[in-house]
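This report walks through one structure, part by part. Keep the sequence and the model side by side while reading.

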Amino acid sequence: MKIVVQVRLLPSAEQAAALATTLRVCNAAANEVSRVAFEQNVFSRNDLQKPVYSEVRSSGLGAQAAVRTVKKVVDAYTALRAHIRSGILVGARRAKAEGKPIRFRDEAAQPFDDRMLSWQHAAKTVSIWTSVGRLKGMRFTGHPDQLRTLASSRQGETNLVVRDGKWLLIAVCDLPEPAVFEPVDWLGVDRGIVNVATTSDGTNFQGRRLRRYRRWQLRKRAELQAKRTKSATRRLRRRARREHRHVTHVNHTIAKELVAVAQRTGRGIALEDLSGIRDRVRPRRDQRATHSSWPFHQLGTFVEYKAKRAGVPVITVDARHTSQMCPRCGHTARNNRSDRDHFCCRRCGLAGPADHVAGVNVRNRARSAWVLVNVPEPAS
């Protein structure tokens, strides 16, 4: 399986200036390549490289940097077409995206291959190509576990990224996948806004603290924006992405605990299929910000990749009526759930927390789905 490892570069002032110049030159060249690709309708790397290679080289890029820049443009158009096919870009957004060449920011990430970037893991330094010459002995740091993974399993390109004034190297590592075990049962997980995750065992990961933290961050941003001073602007920049990092940490913690419980008990993890839910639900005006910032997809992604590393099977099931169906008698009705927190079956009287009942229904559907998946083919 492929994972991403992120390490932080520790350049001097001169080295940081050289890296910034490199990104500007590479992205200026990428914009010119993108213009040619759009005008000539050429999106194959080999076909696109022929008309633009000499011009890209004359802009100050080396041979490998020119090749990587053309590949970056081709990958950007490939991703755009994939988004159109999958329905992510529709209507006016699709017309706007297709009507002009893709543009790259001055500080957009730049891919480096092994000829442009070499690692000295023992010394924790890198040698990296820049548009003003090769920089050797540039130090880097990171979490010890990620550094070990980087030294043993790095494969492919590495992206140079600047984020909030910090220089990062983001590398792809290819790890061996353990065999997925046959589950003895399933751990159903219901994802929600009020409760981030609730399992069929009754474990509840509440989202109250997360919502309170987000409201506090929103209030602080509004206060700083109202001041309109230089110091307030600096503080806003320092606070940038802080909320995102906090939410990511919360989801990592929840996903890690879910996978640990499933691995320890020999069970698989069952998740609801929530794809397209933002288009199906029309929240009230006062609920729009909460609904649009609901990080259910990130939590599902974290659970899937952590489970894959542990050999835990993961299955997605139909999410319809999981919070309105009685897991004992199967009666499904909207009035089974009198309010957000409580469930009471109008036929058999089964009552309990609504999210726990939904987690049990997810588990039951996973049992049925896994049986169907693993039924042996009939003999001919």
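## Two residues with positive phi

H321 sits in the loop that joins strand 12 (314-318) to strand 13 (342-344). The model is predicted. H321 is not a glycine, yet its phi is positive, at about 60°. Its relative accessibility is 45%, so H321 counts as partly exposed.

R228 is another residue of this kind. R228 has a positive phi of about 60° and is not a glycine. Look for R228 in the loop between helix 6 (208-227) and helix 7 (230-239). R228 is exposed, because its relative accessible area is 77%.

## A network of salt bridges

The structure holds 18 salt bridges. Some of them join up. R337, R340, D341 and D355 are linked in a network of salt bridges.

Start with R340 and D341. These two form a salt bridge, and their closest N and O atoms are 2.8 Å apart. R340 has a relative accessible area of 32%, so R340 is partly exposed. D341 is partly exposed too, at 43% relative accessibility.

Now take R340 and D355. Their side chains meet in a salt bridge at 3.0 Å, N to O. What does this pair tie together? R340 lies in the loop between strand 12 and strand 13, while D355 belongs to helix 12 (residues 354-373), so the salt bridge ties together parts that are 15 residues apart in sequence. Is D355 buried or exposed? D355 is buried, with a relative accessible area of 8%.

## A salt bridge within helix 5

D145 and R148 form another salt bridge, at 2.1 Å from N to O. Both residues lie in helix 5, 3 residues apart, so about one helical turn separates them. D145 is partly exposed, with a relative accessible area of 41%. R148 counts as exposed, because its relative accessibility is 51%.

## The seven-stranded sheet

Helix 5 (residues 144-153) also leads to the sheet. This helix lies across strand 1 (2-10), strand 3, strand 5, strand 6 (154-163) and strand 7 (166-174). Helix 5 runs at about 115° to strand 1.

In what order do the strands of the open sheet run? The sheet has 7 strands, in the order 2-6-7-1-5-4-3, and the pairing is antiparallel. Strand 2 (110-112) and strand 3 (117-120) are the edge strands, and each pairs on one side only. From one strand to the next, the twist averages 35°. Strands of a sheet pair through backbone hydrogen bonds, and the pairing can be parallel or antiparallel.

One pair shows the antiparallel arrangement in detail. Strand 4 (residues 125-128) pairs with strand 5 (residues 135-141) in the antiparallel sense, over 3 bridges. In this pair, T125 stands opposite R139 of strand 5.

## Nonpolar cores

The largest nonpolar core has 51 residues. Which of its members touch the most other members? They are L9, L48 and L160. Nonpolar side chains tend to be buried together in soluble globular proteins.

L9 repays a closer look. Leaving out residues up to four places away in sequence, L9 touches L19, V126, M138, R139, F140, L160, W167, L168 and L169. L160 is thus on two lists: the contacts of L9 and the core members that touch the most others. R139, the residue opposite T125, is also a contact of L9. Apart from the largest core lies another core, of 19 residues, including V196, V259, I269 and L271.

## A buried lysine in helix 3

K72 lies in helix 3 (residues 63-86). Is this lysine buried or exposed? K72 counts as buried, because its relative accessibility is 11%, and the cut-off for buried is under 20%.

Which residues does K72 touch? Not counting residues up to four places away in sequence, its contacts are N27, A30, F104, A109, Q110 and P111. Take A109 from that list. K72 and A109 are 37 residues apart in sequence, and their C-alpha atoms are 9.4 Å apart in space.

Conventions: Residues numbered from 1 in each chain as written. Predicted model: local features only at pLDDT ≥ 70, side-chain atom pairs only at ≥ 80, totals over all residues. Heavy atoms only, no water. Helix = DSSP H or I, 4+ residues; strand = E, 2+ residues; numbered from the N terminus. Buried < 20%, exposed > 50% of the residue type's maximum accessible area, 1.4 Å probe, protein only. Core = buried A, V, L, I, M, F, W, Y, C linked by side-chain atoms within 4.5 Å. Contact = heavy atoms within 4.5 Å. Pairing = 2+ DSSP bridges. Axes fitted to C-alpha atoms, helices over the stretch in contact; angles between N-to-C directions. Salt bridge = Lys/Arg side-chain N within 4 Å of Asp/Glu carboxyl O.
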